[in-house]
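Welcome, and please take a moment to look over the sequence and the model below. A short tour follows, from the overall form to the pairs of charged side chains.

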Amino acid sequence: GPGRRKSKLAEAVCAEELGQAASTSQVKALAEEERASRVAADEALAAAAERERLANQAAVAKAAEAERAERIQRDNKAEAHHELERSHNRRKSLEAQDAELE
C-alpha cells in the first residue's frame with residue numbers, strides 16, 4: 001500500500017534509472033554543445049571566406065583601376081608626342097615654303 005517503503009532493490013533500480021536519465025541528458029547536452037560548436041566554426045569559416053572574397057574583389061577592382069589610369073596616361077603621352085610631331089612638321093613645312101619664296 002501507500003505506507004509501504006520501497007524495497008532496497010526498487011530503490012536501486014530507481015536510482016539506476018535516474019542515473020541513466022541524467023547520463024542521457026548529459027550526453028544530449030554534450031552532443032548539442034558539439035553541434036553548436038560545429039555550426040559556429042562553419043559560420044566563422046564562411047565569414048572568413050566572404051571577407052577574403054571581398055578583399056580579392058577589391059584588389060581586382062583596384063588593379064583594374066590602376067591599369068586603366070596607366071593606359072589613359074600612356075594614351076595622353078602618345079597623343080602629346082604626336083601633337084609635338086605634327087607641330088614640328090608644320091613648322092618645317094612652313095620653313096621650306098619660306099625658303100622657296102626667297
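## Overall form

This is a predicted model. Its protein chain has one helix and zero strands. The helix, H1, covers residues 8-101.

How many ångströms does the C-alpha trace span along its principal axes? The spans are about 145 × 15 × 5 Å. The radius of gyration tells a related story: the protein chain has 43 Å, while a compact globule of 102 residues would have a value near 13 Å.

## Surface and charge

What share of the 102 residues is buried? The answer is 0%. The protein chain exposes about 9,300 Å², and 57% of that area is supplied by carbon and sulfur atoms.

Charged side chains are part of the picture too. The protein chain carries 18 positive and 21 negative side chains, and the centres of these two sets lie 11 Å apart.

## Salt bridges along the helix

Side chains of opposite charge can pair when their charged atoms come close. In this structure there are eight salt bridges. Let us visit some of them, going along the chain.

One of them joins Glu 32 to Arg 35, with 3.0 Å between the closest N and O atoms. Both residues lie in helix H1, three residues apart, which is about one turn of the helix. Glu 32 counts as partly exposed because its relative accessibility is 40%, between the limits of 20% for buried and 50% for exposed. Arg 35, also at 40% relative accessibility, counts as partly exposed.

Further along, Glu 50 and Arg 53 form a salt bridge, their closest N and O atoms being 2.8 Å apart. These two are three residues apart in helix H1, so about one helical turn separates them. Arg 53 is partly exposed at 42% relative accessibility, and Glu 50 is partly exposed with a relative accessible area of 35%.

Glu 65 and Arg 68 also form a salt bridge, with the closest N and O atoms 3.2 Å apart. Here too the partners sit three residues apart in helix H1, so they are separated by about one helical turn. Arg 68 has a relative accessible area of 40% and is partly exposed; Glu 65 is partly exposed as well, with a relative accessible area of 40%.

## A linked network

Which residues are linked in a network of salt bridges? They are Glu 79, Glu 83, Arg 86 and Arg 90.

Conventions:
Residues numbered from 1 in each chain as written. Predicted model: local features only at pLDDT ≥ 70, side-chain atom pairs only at ≥ 80, totals over all residues. Heavy atoms only, no water. Helix = DSSP H or I, 4+ residues; strand = E, 2+ residues; numbered from the N terminus. Rg over C-alpha atoms; globule rule 2.2 N^0.38 Å. Buried < 20%, exposed > 50% of the residue type's maximum accessible area, 1.4 Å probe, protein only. Areas by Shrake-Rupley, 256 points an atom, 1.4 Å probe, with all protein chains shown as cover. Lys, Arg positive; Asp, Glu negative; His and termini not counted. Charge placed at Lys NZ, Arg CZ, Asp CG, Glu CD. Salt bridge = Lys/Arg side-chain N within 4 Å of Asp/Glu carboxyl O.
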